[in-house]
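User: I'm new to this one and would like to know what stands behind the labels people put on it. Can you walk me through them?

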Amino acid sequence: MPVTRLHPNQLTDELDIVWLVQLDGLDYVREGLDITKRRAGRPAYHGRGRLVGYADLHPATTATRDSGRFDRRTFWLLPHDRGESPDTDYRTHAPLEAVDPRTVLPRVPGRLTARAWGSPLPPPPATGPAPEH
């Protein structure tokens with residue numbers, strides 16, 4: 001199973017996940033960390049596409065940056081993502097930051113599933129020593 005780019009230690013202050021849309025029609029969402037001014041409530045979103053969800057942090061969470069801001073997980077879709085466009089290139093695969101929104105929980109990174117990928121998941125890379133030449 002492919003691993004997420006986020007690690008649980010980046011999400012320890014999460015209290016709740018808030019979805020702004022119904023998840024029924026979404027196979028995947030893009031997951032990442034954004035720098036925000038507040039611990040909770042809808043964060044400002046200045047990216048392309050649309051914000052579809054975010055994490056609220058515990059009220060006692062301290063700012064993680066010198067600027068007094070917080071790292072919060074956000075979920076978004078771009079105009080060319082599956083579910084947003086019928087002509088997407090992502091019919092049988094998904095972008096790097098894609099996760100199945102049904103696997104998202106507070107303090108737990110989302111996972112890529114076959115539903116999110118759009119077809120059976122590719123096999124994991126081979127492990128072990130490199131072949132000798």
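Analyst: Here come a few labels, each set against its definition. This is a predicted model, where local features need pLDDT of at least 70, side-chain atom pairs count only at pLDDT 80 or more, and totals for chains, interfaces and linings use all residues. Residues are numbered from 1 along each chain as its sequence is written, and side-chain values use heavy atoms, with hydrogens and water left out.

User: How do you know what confidence the protein has?

Analyst: From pLDDT, the predictor's confidence in each residue, from 0 to 100. The protein has a mean of 88, and 92% of its residues reach 70 or more.

User: Why is threonine 88 called buried?

Analyst: Buried means under 20% relative accessible area, while exposed is over 50% and partly exposed is in between (1.4 Å probe, protein chains only). Threonine 88 has 2% relative accessibility, so it counts as buried. You'll find threonine 88 in the loop between strand 4 and strand 5; strands are DSSP runs (E, at least two residues), numbered from the N terminus.

User: What makes the link from threonine 88 to histidine 80 a polar contact?

Analyst: A polar contact is a pair of N or O atoms within 3.5 Å; within protein, one must be able to donate a hydrogen and the other to accept it, and residues adjacent in sequence count only if both atoms are side-chain atoms. The side chain of threonine 88 reaches the backbone oxygen of histidine 80 at 2.6 Å. Another such contact puts a polar atom of that side chain 3.0 Å from the backbone nitrogen of tyrosine 90.

User: How do you know that strand 2 and strand 4 pair?

Analyst: Two strands pair if DSSP finds at least two bridges between them. Strand 2 (residues 29-36) and strand 4 (residues 70-77) are joined by 7 bridges and run antiparallel, so they pair. Isoleucine 35 stands opposite aspartate 71 in strand 4.

User: And what about strand 2 with strand 5?

Analyst: There are 2 bridges between strand 2 and strand 5 (residues 98-99), so the pair meets the rule. Here valine 29 stands opposite valine 99.

User: Which strands are called edge strands, and why?

Analyst: The open sheet has 5 strands in the order 1-3-4-2-5, with antiparallel pairing. Strand 1 and strand 5 each pair on one side only, and those are the edge strands.

Notes: Helices (H or I, at least four residues) and strands (E, at least two) are DSSP runs, numbered from the N terminus.
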